Amino acid sequence: SMTEIHRFGVTRRWSDAVVFNDIAHFVEVADDSSQDVRGQVAQILTQIDARLALIGSDRTRLLQVTIYLADLKD
């Protein structure tokens, strides 16, 4: 049998999160890129918490987090 795909926050171009096989996939980008790296990471962590709450989960269930930096000095 096929596993169902669940999409959350669906818009015309994307979904805020997609859950397949009980694994959620989503990408977060800082809303205010004028902040320094600490400010942007804080924004992203807040967004992650909101996204996890949307799908009924929390940080204790994270399998992987990848953070890309534009400048390695950060």
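Colleague: Which residue follows α1 with a positive phi?
Modeller: This is a predicted model. In it, the residue that comes after α1 has a phi near 80°, a positive value. That residue is Gly 56.

Colleague: What span does α1 reach from its first C-alpha to its last?
Modeller: The helix has 18 residues. At 1.5 Å a residue, 26 Å is expected. The span in the model is close to that, at 25 Å.

Colleague: Is Arg 51 buried or exposed?
Modeller: Arg 51 is found in helix α1. Its relative accessibility is 17%. Buried means under 20%, so Arg 51 counts as buried.

Colleague: Which residue does the side chain of Arg 51 join in a polar contact?
Modeller: Beyond its neighbours within four places in sequence, Arg 51 is in contact with Asp 16, Ala 17, Phe 26 and Glu 28. A polar contact of 2.8 Å links the side chain of Arg 51 to that of one residue, Glu 28.

Colleague: Which strand is included in what covers the buried residues of α1?
Modeller: The buried residues of α1 are Gly 39, Gln 43, Gln 47, Ile 48, Arg 51 and Leu 52. Their cover includes residues 17–20. That strand is β2.

Colleague: Where is Ile 67, and is it buried or exposed?
Modeller: Ile 67 lies in the segment after α1, the helix that runs over 37–54. Its relative accessible area is 54%. Exposed means over 50%, so Ile 67 is exposed.

Colleague: What is the area of the nonpolar surface patch that Ile 67 helps to make?
Modeller: Ile 67 makes this patch together with Leu 62, Val 65 and Leu 69. The area of the patch is about 340 Å².

Note on methods:
Residues are numbered from 1 along each chain as its sequence is written. This is a predicted model: local features need pLDDT of at least 70, side-chain atom pairs count only at pLDDT 80 or more; totals for chains, interfaces and linings use all residues. Side-chain values use heavy atoms; hydrogens and water are left out. Patches are made of residues with over 30% relative accessible area and no salt bridge: like charges are joined within 9 Å, nonpolar side chains (Val, Leu, Ile, Met, Phe, Trp, Tyr) within 5 Å. Accessible areas come from the Shrake-Rupley method with a 1.4 Å probe; for residues, only the protein chains shown count as cover. A salt bridge is a side-chain nitrogen of Lys or Arg within 4 Å of a carboxyl oxygen of Asp or Glu. Helices (H or I, at least four residues) and strands (E, at least two) are DSSP runs, numbered from the N terminus. Buried means under 20% relative accessible area, exposed over 50%, partly exposed in between (1.4 Å probe, protein chains only). A polar contact is a pair of N or O atoms within 3.5 Å; within protein, one must be able to donate a hydrogen and the other to accept it, and residues adjacent in sequence count only if both atoms are side-chain atoms. Contact means heavy atoms within 4.5 Å. The expected span of a helix is 1.5 Å times one less than its number of residues.
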